[in-house]
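Q: Please take a close look at one part of this model, the sheet and what surrounds it. I would like one connected account.

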Amino acid sequence: MKMSPRRFGALLVPFVLLFGLLVNQSPASASHVTGNHWAHDGLAHSQIYFVDHTPAFWPVSSSVYKWNEARGVDSYYNWANCPNTRLHCVDVYEYLNDDGNYGVTYRSVSGGHYTSATVYLSRVRVTNAHQARKTTCHELGHVLGLEHRTVSSSCLRSGNAVDLNISRYPDTHDFDALHTLYNHAN
């Protein structure tokens, strides 16, 4: 059966559009969770205590309070020390090396659960309050189990917050991803 070019084009366009939607999902619909998470340890929600060792330049407390809006995981702020050795405590430090990063998060995992994490925020690379807020939010998001995003509406996007107009806060997709990640028994 011979097909006219017009009929072939009419059949091809919907196929190309469908294929494009399947292959090139928008960043907002793509998952950006690691699959790993903090254990509930018998509590209703996982509880993470961010222990701040940074100078006042870093908005660790306000970033922790913002992340605490997420459902299924509770974030708490503590200054200088962990309130209890049985808790999930994450130390947050400033560092002065120019390694090309705004911040770095190290996480240890065993059996799908984080067992420890440490955050380092670079005072060399971060020179303004907007970038400090975005970087702090970004690294704490990694601690909770989120990976990078490609949209500017989320602090999980990598890069210069001012030049790329990146939000200093998590967006609804970030909170939904955390709810999905932590919506389980342990």
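To start with a detail: which residue stands opposite His113 of strand 5?

A: Ser110 stands opposite His113. The model is a predicted one, and what follows should be read that way.

That pair belongs to the contact between strand 4 and strand 5. Strand 5 covers residues 113-122. Eight bridges join strand 4 to strand 5, and the two run antiparallel.

Now the whole sheet. The sheet is open and has five strands. Their order is 2-1-3-5-4. The pairing is mixed. Strand 2 (73-79) and strand 4 (103-110) form the edges, each pairing on one side only. On average, neighbouring strands are turned by 20 degrees against each other, with direction ignored.

At the other edge, strand 2 pairs with strand 1, and here the strands run parallel. Seven bridges join them. One fixed point in that pairing is Ser46, whose bridge partner in strand 2 is Val73. So the mixed character of the sheet can be followed by setting two pairs side by side: strand 1 with strand 2 is parallel, while strand 4 with strand 5 is antiparallel.

Strand 1 deserves a longer look. Seven of its seven residues are buried, so strand 1 is largely enclosed by the rest of the structure. Burial here means under 20% relative accessible area. Both faces are covered. On one side lie Ser46, Ile48, Phe50 and Asp52, and these are buried. On the other side lie Gln47, Tyr49 and Val51, also buried.

Helix 3 (residues 129-144) lies across the sheet strands: strand 1 (46-52), strand 2, strand 3 (88-95), strand 4 and strand 5. Against strand 5, helix 3 runs at about 165 degrees.

Helix 3 also leads to the largest pocket. The space in this pocket is about 180 Å³. Its lining has 15 residues, and the closest to the centre are Gly103, His138, Glu139, His148 and Ser158. Strand 4 and helix 3 are the elements that give two or more residues to the lining. Helix 3 supplies the largest share, five residues. By class, the lining holds two nonpolar, 10 polar and three charged residues.

The second largest pocket has a volume of about 150 Å³. Its lining consists of His40, Asp41, Leu43, Gln47, Asn84, Arg86, Leu87 and His88. Gln47 ties this pocket back to strand 1, where that residue is buried. His88 ties it to strand 3, which spans 88-95. By class, this lining has two nonpolar, four polar and two charged residues.

Two loop residues round off the picture. Ala80 sits in the loop between strand 2 and strand 3. Its phi is near 75 degrees, a positive value in a residue other than glycine. Ala80 counts as partly exposed because its relative accessibility is 37%. Asn165 is in the loop between helix 3 and helix 4 (172-182). Asn165 is not a glycine either, and its phi is positive at about 55 degrees. With a relative accessible area of 60%, Asn165 is exposed.

Notes:
Residues are numbered from 1 along each chain as its sequence is written. This is a predicted model: local features need pLDDT of at least 70, side-chain atom pairs count only at pLDDT 80 or more; totals for chains, interfaces and linings use all residues. Side-chain values use heavy atoms; hydrogens and water are left out. Two strands pair if DSSP finds at least two bridges between them. Helices (H or I, at least four residues) and strands (E, at least two) are DSSP runs, numbered from the N terminus. Axes are lines fitted to C-alpha atoms, for helices over the stretch in contact, and angles run from 0 to 180 degrees between N-to-C directions. Contact means heavy atoms within 4.5 Å. On a 1 Å grid over the protein atoms alone, a cavity is a set of points where a 1.4 Å probe fits but cannot get out, and a pocket is an open set with protein on both sides within 12 Å along at least five of seven lines; lining residues have an atom within 4 Å of a point. Grid points are joined across faces, edges and corners, and a volume is the space filled by probe spheres set on the points. Ala, Val, Leu, Ile, Met, Phe, Trp, Tyr, Cys and Pro count as nonpolar, Asp, Glu, Lys and Arg as charged, and the others, Gly among them, as polar. Buried means under 20% relative accessible area, exposed over 50%, partly exposed in between (1.4 Å probe, protein chains only).
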